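Me: I'd like to go through this model with you piece by piece. Can you take my questions as they come?

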Amino acid sequence: MTEDLEALRPAPVLETDRLLLRPFTAGELDAVAAGEAAGHFAAGFPGPEDMDFARESLLAGGYFFTESVYARLAVLEKASGQVVGTAGFVGPPIDAELEVVGSLTADRRNRGYAQEAIAALLDVAFADPSVTAVRASVPEDNAPAAQVLVAAGFLRRESPGPEIDYVLPRPA
């Protein structure tokens with residue numbers, strides 16, 4: 001039943017002031033999985049995390065990985081037309097929470113792109129009335145990612161393991 005409902009919610013194309021977040025094409029996903037630099041990929045893309053995501057997506061062949069509203073999207077910088085990272089969700093909600101994930105190439109960090117992307121993703125997440133919160137896990141040594149989440153209103157939540165868990169409850 002979930003798959004039938006989700007068929008009505010395809011992967012979105014999200015636009016911010018400086019970014020376009022859109023589904024990966026099949027060719028892009030193949031290139032990312034292989035660690036190949038396509039002509040419109042920024043220097044440093046794909047990174048190891050991006051390659052892992054693409055490989056897992058191809059192995060799963062699953063709708064939620066590439067074609068649904070819960071897909072991880074290519075982040076394109078409008079000014080250059082280059083793919084500069086990824087942003088999206090890990091999969092459908094679990095216990096009414098969506099997990100957000102993303103990455104940017106090193107030379108595109110500290111420009112506010114992550115804040116733009118997370119704001120667009122939060123709009124998508126909370127458009128689903130069943131989503132009560134959005135969460136993210138960040139390695140302890142990734143202070144910039146933690147700063148992006150805190151700036152977006154996320155709160156640190158206790159969690160086991162080497163990563164720090166952040167959560168943003170549905171706004172009232």
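Me: Where is asparagine 110 found?
Reply: In this predicted model, asparagine 110 sits in the loop that runs between β5 and α5.

Me: And is asparagine 110 buried or exposed?
Reply: Its relative accessible area is 81%, so asparagine 110 is exposed. Its backbone also deserves a look, since asparagine 110 has a positive phi of about 65 degrees although it is not a glycine.

Me: What about alanine 96, what is its phi?
Reply: Alanine 96 is not a glycine either, and yet its phi is positive, at about 65 degrees. Alanine 96 belongs to the loop between β4 and β5, and because its relative accessibility is 26%, with partly exposed covering the range between 20% and 50%, it counts as partly exposed.

Me: Switching to peptide bonds, which residues does the cis one join?
Reply: The cis peptide bond links phenylalanine 45 to proline 46, with omega at about 5 degrees. Proline 46 itself lies in the loop between α2 and α3.

Me: Then on to those two helices, how do the axes of α2 and α3 cross?
Reply: The axes of α2, residues 26–34, and α3, residues 48–60, come within 7 Å and cross at roughly 125 degrees. Because that angle falls between the roughly perpendicular range, which ends at 115, and the roughly antiparallel one, which begins over 145, the two helices are oblique to each other. The crossing in which α2 passes α3 is left-handed.

Me: Which residues in α2 and α3 meet there?
Reply: From α2, Leu29, Asp30, Val32 and Ala33 meet Asp50, Met51, Phe53, Ala54, Arg55, Ser57 and Leu58 of α3. Sorted by class, this contact of α2 with α3 has seven nonpolar residues, one polar and three charged.

Me: Now the inside. In the largest nonpolar core, which residues touch the most other members?
Reply: That core has 36 residues, and the ones that touch the most other members are Leu21, Phe89, Val100, Val134 and Phe154. Several elements each supply at least two of its residues, including the strands β2, β3, β4, β5, β6 and β8 and the helices α5 and α6. Helix α5 gives the most, with nine residues.

Me: Is there a second core, and what does it include? Which residues, I mean?
Reply: A second, separate core of 12 residues includes Ala31, Val32, Phe45 and Val83. Val32 is also one of the α2 residues that meet α3, and phenylalanine 45 is joined to proline 46 by the cis peptide bond.

Me: Back to phenylalanine 89, what is it in contact with?
Reply: Leaving aside its neighbours within four places in sequence, phenylalanine 89 is in contact with Val69, Tyr70, Ala71 and Arg72, with Leu98, Glu99, Val100 and Val101, and with Leu121, Val124 and Ala125.

Me: Arginine 135 next, buried or exposed?
Reply: Arginine 135, which is found in strand β6, has a relative accessibility of 18%, and because buried means under 20%, it counts as buried. Beyond neighbours within four places in sequence, arginine 135 is in contact with residues among them Glu97, Glu99, Phe154, Arg157 and Asp165.

Me: Last one, where is proline 171 found?
Reply: Proline 171 is in the segment after β8, and because its relative accessibility is 53%, just as exposed means over 50%, it counts as exposed. Between proline 171 and isoleucine 94 there are 18 Å in space, C-alpha to C-alpha, and the two are 77 residues apart in sequence.

Note on methods:
Residues are numbered from 1 along each chain as its sequence is written. This is a predicted model: local features need pLDDT of at least 70, side-chain atom pairs count only at pLDDT 80 or more; totals for chains, interfaces and linings use all residues. Side-chain values use heavy atoms; hydrogens and water are left out. A nonpolar core is a set of buried Ala, Val, Leu, Ile, Met, Phe, Trp, Tyr and Cys residues joined through side-chain atoms within 4.5 Å. Buried means under 20% relative accessible area, exposed over 50%, partly exposed in between (1.4 Å probe, protein chains only). Helices (H or I, at least four residues) and strands (E, at least two) are DSSP runs, numbered from the N terminus. Contact means heavy atoms within 4.5 Å. Axes are lines fitted to C-alpha atoms, for helices over the stretch in contact, and angles run from 0 to 180 degrees between N-to-C directions. Angles under 35 degrees count as roughly parallel, over 145 as roughly antiparallel, 65 to 115 as roughly perpendicular and the rest as oblique. A crossing is left-handed if the near helix is turned anticlockwise from the far one by less than a right angle, and right-handed if clockwise. Ala, Val, Leu, Ile, Met, Phe, Trp, Tyr, Cys and Pro count as nonpolar, Asp, Glu, Lys and Arg as charged, and the others, Gly among them, as polar.
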